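I opened this entry to look up where two chains meet and where empty space is left. My notes follow in the order I took them.

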Amino acid sequence: MIVTVTLNPAFDHILFLPEIHLGSFSRAQSTTRMPGGKGINVACSLAVLGEEVVATGLLGGQGCPTFERALRNLGVTTSFIYVNQEIRTDFFIIEEKSNRQSLMVEEGTPIELRYLNSFKDNFERLLTSARLVEIGGSLPKGVSPNFIKELVLAANKKKVKVVLNLPENYLEECMPGTALFMVAPDLRENKSMYGLDIYDAGARIKISRKLLDLGVEIVILKYGNLNYLVATREETWDGEIDLEDKSIMIGVRDAVLAGFIHKYLEKLNLGEALKYGLGAGRSAARNRMNYPNSKKEAEEFLMMAKVRKVG
Amino acid sequence: MKKVRDLITRDLTSVTEDTPLKDVAELLSLRGINGIPVVNKNNEVTGWISERDLISSIFPEKVKIENPDVIGFMNLSQVVKKLTQVGQAMVKDYMSKTANAVKEDTPASDVAELMLQKDLKRVPVVRDKKLVGVVERASLARILLEEGSFE
């Protein structure tokens, strides 16, 4: 079983409208609401791809039963710690005339220490059945990245593989002294890491080498819409897949990661796993939800992925 | 024949024997449920704690909750004293050690019988003793209404 951790989950709202009138009135023609947050997105994608997956994290507010039911309907097992606060609401606005896509996210409310302690106890119990843990997304106010490091160390102690799907500043704090199976830095805001531009091919190699030198087994870097570099100490692969014009990018990066994890655990082959991930990502981009339409569609699309060994 | 795996709610919300009762009360209230599995550090089910266990932890054992009028026999200082004790109590002090757990391949009709006989609203589902979800009476009722039977 795979466990995904989302400490700061959100209700994602995708609003579809012809165009937004900033400073004026706009009405969405349709809206999609769904559970969101990086770990949640990965859990949904893994479930669609047939993995047994447990989503855990902190959940609160009146919408929680709906949130959990939506996950369970997809086949995700839920194991959340309930807090007496509302979770975040995120808005993804798609202007259909221009296909401009904007994301606005809330920061999240502070979490009491007793809930974090309950979460950690529950997480340690889940580790007894887990073969891999994926930790992704932002942190609620007042929670330090060191808390994630504690989770990683707990997983290390039980010899459970850990995947971190986090921004650079969190990774810097979590990585020293831990054993990491995979790192997928979230570079959506900065488009750079270690001061190196992610769009520069040479810089991407340098970033991956720095992470591998810190002991990470696999590095997965996204650049462009669906362009990826994956690297281990032994080999480096580059891959891409074309997207349709009206693709919806919410959750796509997480679907690629889920597809990659799913296939890599099965085949231990970097190139095949990258192809599979790209297929899953393209299927998610065709879906109004934040996960692939189906396993069948993801597997059809992987044939369109172009991957090559670059080192 | 329908099995538990066809109607399981895959939710692992649970408490441990060392969870304070006040935290259980908050959890049941936030979740809107009336009982919850108790697990050990390996996620193995060791019992069950319900609203009824919480209420009977506050009132003297001789008081039956079916007859709330007798609560009047307690004076205020007794209630305050009892609440203080309960505030420090843990799940292990009041849980039921009979969890009535079922497996994923248990026939739905057997679970229905168990729930009716023992007046249970939720029962835990285990695989190799570990919690994998719960069956809720509402799910059984829904299947019966949709399909007319468990066959």
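**Entry 1: the interface**

I started with the area shared by the two chains. Chain A and chain B bury about 1,400 Å² between them. Carbon and sulfur atoms account for 45% of that area. I note here that this is a predicted model.

How many residues does each chain bring to the contact? I found 18 residues from chain A and 19 residues from chain B.

Next I looked up the charged pairs. Four salt bridges link chain A and chain B. I wrote one of them down, E68(A) with R31(B). Their closest N and O atoms are 3.4 Å apart. I then turned to polar contacts and found eleven residue pairs between chain A and chain B, with both residues at pLDDT 80 or more.

Which elements of chain A give two or more residues to the side that touches chain B? They are α2 (64-74), β5 and α3. β5(A) gives the most, with six residues. By class, I noted seven nonpolar, six polar and five charged residues on this side of chain A.

**Entry 2: the largest pocket**

I moved on to the open spaces. The largest pocket holds about 1,200 Å³ of space. It is lined by 43 residues. Closest to its centre are K38(A), L103(A), D186(A), R188(A) and E189(A).

I then asked which elements give two or more residues to this lining. Three helices and three strands of chain A do so. The helices are α1 (38-48), α5 (168-174) and α7 (252-267). The strands are β6 (88-95), β7 (100-104) and β13 (218-223).

The classes came next. The lining of the largest pocket has 15 nonpolar and 15 charged residues, with 13 polar ones beside them.

**Entry 3: the second largest pocket**

I looked up the second largest pocket and found about 680 Å³ of space. Its lining counts 32 residues. Which of them are the closest to its centre? From chain A they are S118(A), D121(A) and R125(A), and from chain B they are T16(B) and T19(B).

Elements of both chains supply at least two residues each to this lining. In chain A I listed β5 (77-83) and α3 (113-127). In chain B I listed β1 (15-16) and α1 (21-31). α3(A) gives the most, with eight residues.

I linked this to my first entry. β5 and α3 of chain A, noted here in the pocket lining, also appear on the side of chain A that touches chain B.

By class, I counted eleven nonpolar, eleven polar and ten charged residues in the lining of the second largest pocket.

**Entry 4: the cavities**

How many cavities of 30 Å³ or more are there? I found two.

The largest cavity holds about 100 Å³ of space. Its lining has 15 residues. The closest to the centre are N8(A), E86(A), I87(A), T109(A) and I111(A). Strand β4 (residues 53-60) of chain A gives the largest share of the lining, three residues. The lining divides into eight nonpolar, five polar and two charged residues.

The second largest cavity holds about 50 Å³ of space. I listed its lining in full: N165(A), A184(A), I220(A), K222(A), Y228(A), R253(A), D254(A) and L257(A). Which elements each supply at least two of these residues? They are β13 and α7 of chain A. α7(A) gives the most, with three residues. By class, I noted four nonpolar, one polar and three charged residues.

One last link went into the notebook. β13 and α7 of chain A help line the second largest cavity, and both also give two or more residues to the lining of the largest pocket.

Definitions and conventions
Residues numbered from 1 in each chain as written. Chains lettered and ligands numbered in written order. Predicted model: local features only at pLDDT ≥ 70, side-chain atom pairs only at ≥ 80, totals over all residues. Heavy atoms only, no water. 1 Å grid on protein atoms, 1.4 Å probe; cavity = no way out; pocket = protein on both sides within 12 Å on 5 of 7 lines; lining within 4 Å. Points joined across faces, edges and corners; volume = space filled by probe spheres on them. Helix = DSSP H or I, 4+ residues; strand = E, 2+ residues; numbered from the N terminus. Nonpolar A, V, L, I, M, F, W, Y, C, P; charged D, E, K, R; others polar. Contact = heavy atoms within 4.5 Å. Buried area = accessible area lost by both parts, 1.4 Å probe. Salt bridge = Lys/Arg side-chain N within 4 Å of Asp/Glu carboxyl O. Polar contact = N/O pair within 3.5 Å; in protein donor to acceptor, adjacent residues only side chain to side chain.
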